[in-house]
Amino acid sequence: VQDCIFCSILAGSAPASFVYRDELVSAFLDIRPVTPGDLLVIPNEHVVSMRDVPEPAASRIFHVGRRLARVLSQGAVVRLEGVSFVVADGEAAGQDVFHAHLHVTPRFDGDGYHVEAAAWAQPPPSRAELDRIAAGLRGTL
Ligand SMILES: [Zn+2]
């Protein structure tokens, strides 16, 4: 898709430091890393929302992300004590590039990474409210 930086990278018309590529997904280093080694895993097909990425590409994204996190965990390349697997799906969720992507971000004590947690500042819902939402979801699965 024109004007999509990730499609340009996949087409070879924009630079990227690739770490993985197969027929469904690709992974490369984020040019604005949260921490060193911050990776992006994306479907090769242009799809805006992770909710709409077809199988098996959607599963492959997480499969590859987990594999890369295990490799990063070996600690030879970057500092890593934990990993954040993050998908911002939609503008309201903070999605900045509108080609679905999984962030695989190495984490360590004092890395300065902050996750917004506005919901946790709200009072906890009642069990009845949780049950109402769960029932609605089960009913539409
Ligand atoms: Zn794209």
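Reader: At about what angle does helix α2 run to β3?
Author: Helix α2 (residues 57-73) lies across β1, β2 (25-29), β3 (39-43), β4 and β5, where contact means heavy atoms within 4.5 Å. Axes are lines fitted to C-alpha atoms, for helices over the stretch in contact, and angles run from 0 to 180 degrees between N-to-C directions. On that basis, the angle of α2 to β3 is about 160°.

Reader: Which pLDDT do local features need in this model?
Author: Side-chain values use heavy atoms, with hydrogens and water left out, and residues are numbered from 1 along each chain as its sequence is written. The model is predicted: totals for chains, interfaces and linings use all residues, side-chain atom pairs count only at pLDDT 80 or more, and local features need pLDDT of at least 70.

Reader: What pattern does the protein chain follow along the sequence?
Author: Helices (H or I, at least four residues) and strands (E, at least two) are DSSP runs, numbered from the N terminus. The chain has three helices and five strands. Read along the sequence, they give α-β-β-β-α-β-β-α.

Reader: In what order do the strands of the open sheet lie?
Author: Two strands pair if DSSP finds at least two bridges between them. Pairing in this five-stranded sheet is antiparallel, and the edge strands β1 (18-21) and β4 each pair on one side only. Neighbouring strands are turned by 15° against each other on average, direction ignored. The order is β1-β2-β3-β5-β4.

Reader: How many residues of β3 are buried?
Author: Buried means under 20% relative accessible area, exposed over 50%, and partly exposed in between (1.4 Å probe, protein chains only). Both faces of β3 are covered, with L39, V41 and P43 on one side and L40 and I42 on the other. The strand is largely enclosed by the rest of the structure, because the number buried is five of the five.

Reader: Which residue of β5 is the bridge partner of L40?
Author: Strands β3 and β5 run antiparallel and are joined by three bridges. The partner of L40 touches D30, D38, L39, L40, S84, F85 and V86, not counting residues up to four places away in sequence. At 16% relative accessibility this partner counts as buried. The residue is H103.

Reader: What arrangement do the four donor atoms make around the zinc ion?
Author: Donors are N, O and S atoms within 2.8 Å of the metal (3.2 Å for Na, K and Ca); water is not among the atoms, so sites may look incomplete. Here the protein donors are C4 (SG), C7 (SG), H46 (ND1) and H99 (ND1), 2.0 to 2.3 Å from the zinc ion. Four donors count as tetrahedral if all angles lie between 85 and 135 degrees; four count as square planar and six as octahedral if opposite donors are over 155 degrees apart and all others between 65 and 115; anything else is irregular. The angles are 104 to 116°, so the arrangement is tetrahedral.

Reader: How many residues apart are C7 and H99?
Author: The zinc donors are spaced C-x2-C-x38-H-x52-H in sequence. C7 is in helix α1 (residues 5-11) and H99 in the loop between β4 (82-86) and β5 (102-107), so the pair links distant parts of the chain. Both C7 and H99 are buried. Their separation is 92 residues.

Reader: How many of the 14 residues of α3 are buried?
Author: Over the protein chain, 37% of the 141 residues count as buried. Helix α3 (residues 127-140) has its end C-alpha atoms 20 Å apart. The helix lies largely in the open, because the number of its residues that are buried is zero.

Notes
Expected span 1.5 Å × (residues − 1).
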